[in-house]
Amino acid sequence: MLDLLHTEVEWEENAQVFPGLDRVYLGHEGFLKRVRDAFEAWESFTVYAIEFIDAANQVVIPLRLSAKGRQSGIPVEMTVCEIFSFRDGRVVRRHLYADRAEALKAVGLEE
């Protein structure tokens, strides 16, 4: 996965979606910390891409998440939306939105 990420990647989370994670993870080391943080929080975690929306140098990806909390055992199902921005052919920024319309608006597209 690191081969797909720019060395200066900014991996931005959304406190509404994942309140226990840091707000931003920077660089490859930050991304690896984000993966460790997520594995600590979730017993199981599955992500399905619903579609890929071209937005010039960005891609908007609505996702369906299925997870089970490690401590609580509570199952979680939700739809969220990621935006990936690119530099030099690699992901330089990822932002997570709780709402598809909000993500589309962020890249200048409307539903």
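**Exercise 1. Find which element gives the most residues to the lining of the largest pocket, and describe that pocket.**

Strand β3 gives the most, with 7 residues. Before going on, note that this is a predicted model, where local features need pLDDT of at least 70, side-chain atom pairs count only at pLDDT 80 or more, and totals for chains, interfaces and linings use all residues. Residues are numbered from 1 along each chain as its sequence is written, and side-chain values use heavy atoms, leaving out hydrogens and water.

Step 1: settle the terms. Strands (E, at least two residues) and helices (H or I, at least four) are DSSP runs, numbered from the N terminus. On a 1 Å grid over the protein atoms alone, a pocket is an open set of points where a 1.4 Å probe fits, with protein on both sides within 12 Å along at least five of seven lines; lining residues have an atom within 4 Å of a point.

Step 2: take the volume, the space filled by probe spheres set on the points. The largest pocket holds about 360 Å³.

Step 3: look at the lining. It has 21 residues, and W11, R34, F45, V47 and R94 are the closest to the centre. Elements giving two or more residues are α1 (27–41), β3 (42–49), β5 (58–69), β6 and β7.

Step 4: sort by class. The lining has 16 nonpolar, 1 polar and 4 charged residues.

**Exercise 2. Work out how strand β7 is paired and whether its residues are mostly covered or not.**

Step 1: recall that two strands pair if DSSP finds at least two bridges between them.

Step 2: follow the parallel side. β1 (residues 5–12) pairs with β7 over 4 bridges in the parallel sense, and E12 has H95 as its bridge partner.

Step 3: follow the antiparallel side. β6 (residues 75–87) joins β7 through 7 bridges; among them, F84 partners R94 and R87 partners R90. These two strands form a hairpin with 2 residues between them, and D88 in the turn has a positive phi of about 55°.

Step 4: check burial (under 20% relative accessible area). In β7 (residues 90–97), 6 of the 8 residues are buried, so the strand counts as mostly covered.

**Exercise 3. Decide whether S66 is buried or exposed, and list what it touches.**

Step 1: place S66 in strand β5. Its relative accessible area is 18%, so S66 is buried.

Step 2: list contacts (heavy atoms within 4.5 Å). Not counting residues up to four places away in sequence, S66 touches S44, F45, T46, V76 and E77.

Methods: Buried < 20%, exposed > 50% of the residue type's maximum accessible area, 1.4 Å probe, protein only. Nonpolar A, V, L, I, M, F, W, Y, C, P; charged D, E, K, R; others polar.
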